[in-house]
Every structure is written in C-alpha cells, then in structure tokens.
Amino acid sequence: MRGRIDQVDAELLRLLNERASCAEEVASVKRSEGDPRFYRPEREAVILRQVRERNPGPLPDDALVRIFREIMSECLALEEPLKVAYLGPEGTFTHLATRKHFGQAAALQPLTAIDTVFREVESGRAHFGVVPIENSTEGVVTHTVDCFLESPLRICGEVVLPVQHHLLSRSERLEDVQVVMAHPQALAQCRQWLDRELHAAERRHAPSNARAAQDAAELPHAAAIASAVAADRYGLKILVRNIQDRGDNTTRFLVIGRLETGITGRDRTSIMLSTANRPGSLFGLLKPIADAGISLTRIESRPSRCVNWEYVFFLDLVGHQADPAVAACLGELRKSADMLKILGSYPQAAT
C-alpha cells in the first residue's frame, strides 16, 4: 500500500504541474489578445461546485474544495499575482474570509477602514477588496452599504463564513478580566454571554477584533473577543471558546472590484433603488420583482444623503442580470424608480 501511495503521489505531482503549465499557456494567450481578465470569479465558482457534485469520497466536500482553492490560487499567481485589500489587521474575520476566497497565493493588504478598502481598489492599487456586508445575528454593516452609494466598484463575489468568537487574554482566569474589547458587532453578538459571565467588566469598542486582540496583548486584566487565528497571531490564551449567543452565527462578505462577472447558473444580483417618498412608492418598487417571480433575499434602507427622510434601498435578487427574467425585471424597475444602480451580478457563495 505504501508503494501504491508513492505512485499516486508521483501522479498527483505530475498532474499539478501539468495544470500549472496550462495556466501559464492561458496567461500567454490572454496577453497576446490584450485580455486583462486573468481572474474569472464565475469560472472558479463553477469548478468548486463541480468538485462538490462529483466528489465520490471518502474525502469530505469541504476538504476537497479547500485543496482545489489552493491549487487555483497558486496557478493564478503564475499568471498574475492578485493584490487584495481587506479590512484588517491580520486575524480579523474579514482576513479569514479573504484567505478562504482567494487562497494563500494572493498578496493581501490589510487596511484600517471599509472606505479605505474601496479607495484602494478604485485607485487600482489593489485588484479586489473584501468587506463585510451582513451578520446573521446583528444584520447589515451600514458603512459598507453607504460606500456603494458613491463608489463605481462592482460586486464580483461573496463569501459566507461561520463566525466563532473566543475570549482571548493574557490572564489565566476569567475572574481576572476587567475589560472586554471588541468591534461593536462582536460585542453585540456575544451580549448574552457577557451579561451572564462578565457583567461587571467594562466593554470597550475597538476598530476590529484583531485590533482588540493586539491591545489585549499589551494590557493586564484585559480580554478581547476574536478568532483563534488572532490568539495565535498575538500570543493570547483562549480563556473561553465559542461565546457567541447563536451557534449558527455567520457573516457574509462581498468581493469588490472593477470587472463584470459572467453567468454561473447560481448567481445573485445586488441593486440600489430610490424613489420619492409618497404613498405606495415602496410597493411600486417591489411589484415588478414579485410579478417576475424573482426571489428577493434581502432589502435594506439607508438615508439618501440628498433629501431628509428619503431613502435608498439596497436589494439582493436571485439570478444574474443577464438572465432574461432578471433583465426584464430590471427594465421595469428603471421605469418606476427615480434611480437604479446595478452593483453587480456574482456567484452565490458555496456554504
């Protein structure tokens, strides 16, 4: 059996390098044709779905998806290394989501704010960016939605990440913790546990959970709510694992860039709509979607920033803007809305 394993490993090595050579040939063709699109999110999404659908076992689907993700990441780096900006520092859940989507070969740029991520991609200093958009417990990340109001960037993909919050500290005992630091969203997602176990501790906001972990590493009697990766990165102990109030706590992230993404068959389209504040105006916006039989998976409202008490609506629709039904629906929406902005069509995240 060991001899058979050696033979299989040798064949894997040969095939991996053959795939890499094919990727280099693709890059050469694209350069000769002047095609700048080395990264194709829709193609990667289809490949990873096929891995799940065709997997006969015994390796689990998630394990094979991770392996194929890294193979594609390394092959893409031979064509053109991707520069990806994200809400940092290292150890944030956005960092984990970015690595999950782009693999280890991408060159990551941690930034301090969501709007800075947008600007980095808009300027061309990064090919793509990754920003949080919503949490299953606490809802939408309004700062991200607001950035889309003025940004020309497109949504090219999404990442769904289970979020496990741990209490990290230099202290050895839970009773020694006097201050708990975290991003406001994380504090909210762990509110019940904190009320029960650390009700007397001060709760202090941080720009990110990773920054909270950095600060906790410098302060006695302080703790941070962050990931296990942050614990390793900043030399902290995990005092208590999984302190989030909901076991299914999940955050969705968006990949932003400047390219249009093709159809995969399992897509989502995000749009922004606005209309005057008059009776029935929201119903008028939603009616074409219902009439077309298109599933609306999310709707959020944000102040328009132009007129008091008028709002912009952020919607997610199932389907691609090039699908006939979705295209017809968008045509009807243009007639009834004062403003329609298509933020992008992109592959739905594989859970």
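Q: If contact means heavy atoms within 4.5 Å, and helices (H or I, at least four residues) and strands (E, at least two) are DSSP runs numbered from the N terminus, against which elements do the buried residues of H9 pack?
A: This is a predicted model, in which local features need pLDDT of at least 70, side-chain atom pairs count only at pLDDT 80 or more, and totals for chains, interfaces and linings use all residues. Residues are numbered from 1 along each chain as its sequence is written, and side-chain values use heavy atoms, with hydrogens and water left out. Buried denotes under 20% relative accessible area, exposed over 50% and partly exposed in between (1.4 Å probe, protein chains only). The buried residues of H9 pack against H4 (93-102), E6 (166-169), E7 (179-182), H7 (184-189), E9 (222-226) and H10 (228-234).

Q: What arc around the axis do the buried residues of H9 cover?
A: In H9 (residues 209-216), the buried positions are Asn209, Ala210, Ala212, Ala213 and Ala216. They lie on the same side of H9, because the arc they cover around the axis is only 155 degrees.

Q: Which are the edge strands of the open sheet of five strands?
A: Two strands pair if DSSP finds at least two bridges between them. The order in this sheet is E8-E7-E9-E6-E10, with mixed pairing. Pairing on one side only marks the edge strands, E8 (202-205) and E10 (237-240).

Q: Which residue of E9 stands opposite Leu168?
A: E6 and E9 are antiparallel and share four bridges. Opposite Leu168, E9 places Ala224.

Q: How many bridges join E5 to E11?
A: E11 (residues 250-257) is largely enclosed by the rest of the structure, because seven of its eight residues are buried. Its antiparallel pairing with E3 (residues 128-135) extends over six bridges, where Val131 has Leu254 as its bridge partner. With E5 (residues 154-162), which also runs antiparallel to E11, Val160 stands opposite Arg252. The number of bridges joining E5 to E11 is eight.

Q: Which element gives the most residues to the largest nonpolar core?
A: A nonpolar core is a set of buried Ala, Val, Leu, Ile, Met, Phe, Trp, Tyr and Cys residues joined through side-chain atoms within 4.5 Å. The largest has 24 residues, and those with the most contacts inside it are Ile114, Phe118, Phe148, Leu254, Met272 and Phe314. Elements giving two or more residues include E3, H6 (142-150) and E11. The most, four residues, come from H5.

Key. The arc is that of the directions from the helix axis to the C-beta atoms. Contact means heavy atoms within 4.5 Å.
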